[in-house]
Amino acid sequence: MISFEKPGPWALSYFDGQQFQLNPGVSIDEARRRYDALSPEYIPRTVSYIARLTSENDADQVSDLVAIRRYEKYENTANKRQSIIPDIPLQEQAFIQAFGAAEIVYLPKDFGAYLTRIREKAGLSQTSATRLLGLSNSSLARYESGEHLPTITTFRKFAPLADLAGIPYGDIKREYIRAKNKPDFGTIGDIIRRERWFAQMTIDRLSIKSGLSATLIRRLEYDHLPVSLQLFVSLSRLARALESSRLMVISNDLRAEGEANAARPDSF
């Protein structure tokens with residue numbers, strides 16, 4: 001009997017102890033596209049957990065606002081797992097088993113393996129990479145083995161490695177956040193917490209920089225503030241303070257959504 005370990009954190013499939021299954025929200029067509037792309041050189045670009053969970057065959061393209069709206073619908077739907085997972089015909093099961101096995105072979109299992117793939121794609125040995133990044137000889141080895149995650153200060157040195165590998169530094173940064181602080185979840189508050197964490201900013205410091213009260217920021221992070229003009233303005237101020245284009249996009253999208261709703265004849 002062949003024993004499979006679970007695919008890495010970027011996989012679309014999981015092994016339930018008996019066979020591979022697709023994660024909730026992953027369509028068979030999306031799995032087929034990914035299967036065709038898998039190779040030893042494959043380096044994934046993370047899609048947030050919520051976009052993956054609510055995928056409608058477009059998880060790589062949807063905006064944060066669309067994903068958040070889908071998440072709200074998902075959370076309010078009874079029997080949500082059954083309503084999200086597509087009904088996959090029996091004839092597709094053989095493909096799913098092959099797809100799950102391929103993800104195990106080609107996908108990195110953790111952030112250390114992900115860094116190794118990037119270094120190899122850049123054509124560098126560990127020694128050459130440590131010289132490029134200004135690290136000690138043993139540091140990169142510890143990061144790649146999964147023994148340690150780099151600190152945020154150290155991680156900023158990885159930009160040249162991303163350039164050599166032909167990968168946007170922002171992609172690697174998002175993977176680092178994913179490894180350090182778990183996958184993106186599905187609410188505005190979760191996104192604010194992650195953006196603040198990546199900026200290495202306390203709530204009190206963010207309060208001073210944004211001009212918002214610490215109490216208000218805490219309410220935002222725990223989704224205790226309804227959609228309103230105050231929310232648009234607060235998100236915009238947080239986005240500027242955190243230098244977060246992601247929060248600015250969400251703020252603008254929410255404002256446009258609010259204006260569109262207000263313009264409807266049946267709105268009050």
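These legends describe close-up views of a predicted model.

**View 1. Helices α11 and α12 cross at roughly 105°.**
Helix α11 covers residues 169-181 and helix α12 covers residues 188-198. Their axes come within 11 Å. The crossing angle makes α11 roughly perpendicular to α12, because angles of 65 to 115 degrees count as roughly perpendicular. On the α11 side, the contact is formed by K173, R174, Y176, I177, K180 and N181. On the α12 side, R194, E195, W197 and F198 take part. The residues of this contact divide into four nonpolar, one polar and five charged.

**View 2. Y176 of α11 and W197 of α12 form an aromatic pair.**
The ring centres of Y176 and W197 are 6.3 Å apart, and the planes make an angle of 40°, a tilted arrangement. The pair links distant parts of the chain, since Y176 and W197 are 21 residues apart. Y176 is buried, with a relative accessible area of 0%. W197 has 22% relative accessibility and counts as partly exposed, because buried means under 20%.

**View 3. F111 and Y114 pair within helix α6.**
Helix α6 runs over residues 111-121. F111 and Y114 are three residues apart in α6, so about one helical turn separates them. The structure holds 12 aromatic pairs. In the pair of F111 and Y114, the ring centres lie 5.9 Å apart and the planes meet at 35°, so the pair is tilted. Both residues are buried: F111 has a relative accessible area of 5%, and Y114 has one of 0%.

**View 4. Ring pairs join eight residues, W10, F111, Y114, F155, F158, Y169, Y176 and W197, into a cluster.**
The cluster includes F111 and Y114, the tilted pair of helix α6. Y176 and W197 are also among its members, and these two rings come from α11 and α12.

**View 5. R70 in helix α3 is buried.**
Helix α3 spans residues 64-75 and contains R70. The relative accessibility of R70 is 16%. R70 therefore counts as buried, because the cut-off is under 20% relative accessible area. Leaving aside residues up to four places away in sequence, R70 touches T54, S55, E56, D58 and V62.

**View 6. Two arginines lie over aromatic rings, R32 over F95 and R193 over Y222.**
R32 lies over the face of F95, at 4.2 Å from the ring centre. R193 is placed over the face of Y222, at 5.3 Å from the centre of that ring.

Notes. Residues numbered from 1 in each chain as written. Predicted model: local features only at pLDDT ≥ 70, side-chain atom pairs only at ≥ 80, totals over all residues. Heavy atoms only, no water. Axes fitted to C-alpha atoms, helices over the stretch in contact; angles between N-to-C directions. Helix = DSSP H or I, 4+ residues; strand = E, 2+ residues; numbered from the N terminus. Parallel < 35°, antiparallel > 145°, perpendicular 65-115°, else oblique. Contact = heavy atoms within 4.5 Å. Nonpolar A, V, L, I, M, F, W, Y, C, P; charged D, E, K, R; others polar. Buried < 20%, exposed > 50% of the residue type's maximum accessible area, 1.4 Å probe, protein only. Phe/Tyr/Trp six-rings, centres within 6.5 Å; stacked < 30°, edge-to-face > 60°. Lys NZ or Arg CZ within 6 Å of the ring centre and 35° of its normal.
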